[in-house]
Amino acid sequence: SFTFVEPVGISTIADNLFMGTGLLSLTLPEGITSIGSYAFSSSQLETISLPSTLTNIGSSAFNSTMSLATITGNLSGITHVGIDAFYGTTWLYTELMSNDLAILDDRIVIKVNPSLSGDLVVPEMMELIADGAFMQSQLTSVVLPPNLLSIGNLAFYDCPDLDTVDMNDATSLLVIGEQSFYNCVSLGSMTIPSTVIDVGDDAFTLTPWLSSKTGPGVLFMIN
């Protein structure tokens, strides 16, 4: 077991800090804002309670923590979930056993079911798409919802069959992450909402959609 001494004067769980440890349960105290990459990877953790101050869960934070089945706490402050944050956990496996999407806090898309193909309407209440959530999926079209604020880095990376992304109702969208649609070699239909203020590097590189709008001496601008 591990107990934080109150008051806690730290805001970040460092990369690799609890990696491979034998902790079974942990409550992170208020004031913690970020969980680093691989922070709890390959540990024995079964349950974790997260604080309302948490905003970031780093890449592979709980990767290969196979026994992790229960995630509780006030998760409303989370604005970013890194790639493979929950890969290899019982929680993720259970979520995808009976659902098309693994969803955290009823508003964050963590991962698509790898067996899902064809068309997908992302549920209306989703606000965030985690990094790599749809990476290399078999989807052909996606409809994004009105409450969506952010599409994570690598979110739809290398989806070869994805030809249409419908953002017409995504009127709250602010951020499209780095390489989010990179190498979607069939993607030809998409309209970027006027609300978007941040587009990451190579977000649309190697897509027909971008190729159709650029060329020698052509400056393509979004919004």
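A residue counts as buried under 20% relative accessible area, as exposed over 50%, and as partly exposed in between. Keep that scale in mind for this predicted model.

**Salt bridges**

Side chains of opposite charge can pair when their charged atoms come close. The structure holds 2 salt bridges. Arg 107 meets Asp 105 in one of them, at 2.8 Å from N to O. Arg 107 also forms a salt bridge with Glu 127, where the closest N and O atoms are 3.2 Å apart. Arg 107 sits in the loop between strand S8 (101-104) and strand S9 (108-112), and Glu 127 sits in the loop between strand S10 (117-121) and strand S11 (128-129), so this pair ties together parts that are 20 residues apart in sequence. Asp 105, Arg 107 and Glu 127 are thus linked in a network of salt bridges.

How exposed are these residues? The table gives the values for Arg 107, Asp 105 and Glu 127.

| Residue | Relative accessible area | Class |
|---|---|---|
| Arg 107 | 9% | buried |
| Asp 105 | 30% | partly exposed |
| Glu 127 | 26% | partly exposed |

Take Glu 127: its value is 26%, so Glu 127 is partly exposed. Arg 107 has 9%, which is under 20%, so Arg 107 is buried.

**A nonpolar patch**

Which residues form a nonpolar patch on the surface? They are Leu 149, Leu 174 and Ile 197. Together they have about 280 Å² of accessible area. Ile 197 lies in the loop between strand S16 (189-190) and strand S17 (198-199). Its relative accessible area is 70%, which is over 50%, so Ile 197 is exposed.

Key. Residues numbered from 1 in each chain as written. Predicted model: local features only at pLDDT ≥ 70, side-chain atom pairs only at ≥ 80, totals over all residues. Heavy atoms only, no water. Patch = residues over 30% accessible without salt bridge, like charges linked within 9 Å, V, L, I, M, F, W, Y side chains within 5 Å. Areas by Shrake-Rupley, 256 points an atom, 1.4 Å probe, with all protein chains shown as cover. Salt bridge = Lys/Arg side-chain N within 4 Å of Asp/Glu carboxyl O. Helix = DSSP H or I, 4+ residues; strand = E, 2+ residues; numbered from the N terminus. Buried < 20%, exposed > 50% of the residue type's maximum accessible area, 1.4 Å probe, protein only.
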